[in-house]
Amino acid sequence: MRASRLLSILLLLQSRGLLTARQLADELEVSVRTIYRDVESLHGAGIPLYGEAGHQGGYRLLDGFRTRLTGLTTQEAQAVFLAGMPGPAAELGLGALAAAAELKIEAALPPGLREAARRIREHFHLDAPGWYHDGDRVPHLPEVAGAVWDRRVIRVLYRRWAEPCEVTRVLEPYGLVLKAGRWYLVARCDGALRTYRVNQVLELEVTDETFERPEDFDLAGHWSAHLADFRSRLFQGHAVVRISPEGRERLPDLMSSAVVGAVAETAGEPDGLGWITATVPIESLTHARTEFLKLGAEVEVLEPADLRHRMAETAHTLAALYPRADRATTDPAAGRAARGAD
């Protein structure tokens, strides 16, 4: 384990240049004191590693020194092939390059590791989009990716939800994120960082103007904070609902994880027919009605009154669309009695 860490320190300094003990410790998830001991061990082994004092200091390898200790373990070789994403690479215009790189890595591996890597590819396949969504059609993605890489300012015609729907924006593209088959661009616009759906870019012009991306900008960290903020603003209220045993079984497949978790946390004891009452978060009355209708007659909204009224209106409209010969079986009072309602 320690030998692997020493090699990791060497490779990190080789690829990134100057790094502080704290940066190395954070990267390798160890204490700063451990890094000090490891650096001393590398010194003792004759590695030309030296430290620079001061606020801008850190550890650095002697200029021109490069290690050849880059051999992969079996698990690392498997991870490389497991992490391959041919679909997104092709969308970025890098499909041929990704395939060529994979072939080179495979050719450089010894026979045992090569066979392990091939088995990973034969037994595992990554399909990022959801069941009901095949991912975005993103004709401008390669140009956006090129602008991100070259730090070029882009001018786009962008389609958004609010009026006016089509707007022109001048963007400094910081990075691309692929989430659930959808590509998002994190870019600075008018001095603020914003997020854009790449498939909503209708027209794009890559300008000759360049920009400086802050050295301390962390795309993964920014995206995590963006998701946390989005989720905190997503749910604007709560609803009290009764759910049947069948409804609870279908809940994980039809509702969000927030609703499923809230049911697990707030549900009381089942009544005589097995129905439970729970308090769940909702985005809006319109969205909540659509979501609860997925459960059909296996859920009853108790509060708020406006949402219950909307559910009732929808139920009456559906009843009018699908009349039955035996009207008694669709009597609302009879239906509630059959479901154990008061």
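The face of helix α13 turned away from its buried side carries the exposed residues Ala-305, Asp-306, His-316 and Ala-320. That is a handy place to start reading this predicted model, and the rest of the helix follows from there.

**Helix α13 and its neighbours**

Helix α13 covers residues 305–321, which makes 17 residues. From its first C-alpha to its last it reaches 24 Å, close to the 24 Å expected at 1.5 Å a residue. On the other side of the balance sit the buried residues of α13, namely Leu-307, Met-311 and Thr-314. Around the axis they cover an arc of only 65 degrees, which puts them on the same side of α13. A general point about helices fits here: an α-helix has 3.6 residues a turn, so residues three or four places apart point the same way.

What covers the buried residues of α13? The cover includes the strands β8, β9 and β10 (299–303), together with helix α12 (285–293). Thr-314 gives a close-up of this packing. This residue of helix α13 has a relative accessible area of 16% and is therefore buried, the cut-off being under 20%. Leaving aside residues up to four places away in sequence, Thr-314 touches Arg-289 and Leu-293.

Helix α12 has a buried side of its own, made up of Ala-288, Glu-291 and Phe-292. These residues cover an arc of only 95 degrees around the axis, which puts them on the same side of α12. Among the elements that cover the buried residues of α12 are β8, β9 and β10, as well as the helices α10 (245–254) and α13.

**Salt bridges**

How many salt bridges does the model count? The count comes to 6 salt bridges. Three of them are set out below, with the N to O distance for each pair.

| Salt bridge | N to O distance |
|---|---|
| Asp-271 and Arg-242 | 2.9 Å |
| Lys-294 and Glu-291 | 2.9 Å |
| Arg-308 and Glu-300 | 3.1 Å |

Take the pair of Asp-271 and Arg-242 to begin with. Asp-271 lies in the loop between α11 (257–266) and β9 (276–282), while Arg-242 lies in strand β8 (residues 237–243), so the pair ties together parts that are 29 residues apart in sequence. Which of the two partners is buried, and which is partly exposed? Arg-242 counts as buried at 9% relative accessibility, whereas Asp-271, with a relative accessible area of 32%, is partly exposed.

In the pair of Arg-308 and Glu-300, the acid is the buried partner: Glu-300 has a relative accessible area of 9%, and Arg-308 is partly exposed at 32%. Salt bridges that share partners join Arg-242, Asp-271, Glu-300 and Arg-308 into one network.

The pair of Lys-294 and Glu-291 brings us back to helix α12, since Glu-291 is one of the buried residues of that helix. The relative accessible area of Glu-291 is 16%, and Lys-294 is partly exposed with a value of 36%.

**The five-stranded sheet**

Earlier in the sequence we meet an open sheet of 5 strands, in the order β6-β5-β4-β3-β7 and with antiparallel pairing. Its edge strands, each pairing on one side only, are β6 (192–197) and β7 (201–210). On average, neighbouring strands of this sheet are turned by 45 degrees against each other, direction ignored.

Strand β5 (residues 182–189) pairs with β6 in the antiparallel sense over 6 bridges. Within this pairing, Val-186 has Thr-195 in β6 as its bridge partner.

Two helices accompany the sheet. Helix α8 (residues 141–150) packs on the sheet and touches β3 (152–159), β4 (166–179), β5 and β7, with its direction making about 80 degrees with that of β4. Helix α9 (residues 219–234) lies across β4, β5 and β6 and runs at about 110 degrees to β4.

For a look at one residue of the sheet, try Ala-187 in strand β5. Is Ala-187 buried or exposed? With a relative accessible area of 0%, Ala-187 is buried. Not counting residues up to four places away in sequence, Ala-187 touches Leu-171, Glu-172, Pro-173 and Tyr-174, and also Ala-192, Leu-193, Arg-194 and Tyr-196. Ala-187 and Val-153 are 34 residues apart in sequence, yet their C-alpha atoms are 9.7 Å apart in space.

Definitions and conventions:
Residues numbered from 1 in each chain as written. Predicted model: local features only at pLDDT ≥ 70, side-chain atom pairs only at ≥ 80, totals over all residues. Heavy atoms only, no water. Pairing = 2+ DSSP bridges. Helix = DSSP H or I, 4+ residues; strand = E, 2+ residues; numbered from the N terminus. Axes fitted to C-alpha atoms, helices over the stretch in contact; angles between N-to-C directions. Contact = heavy atoms within 4.5 Å. Salt bridge = Lys/Arg side-chain N within 4 Å of Asp/Glu carboxyl O. Buried < 20%, exposed > 50% of the residue type's maximum accessible area, 1.4 Å probe, protein only. Expected span 1.5 Å × (residues − 1). Arc of directions from axis to C-beta.
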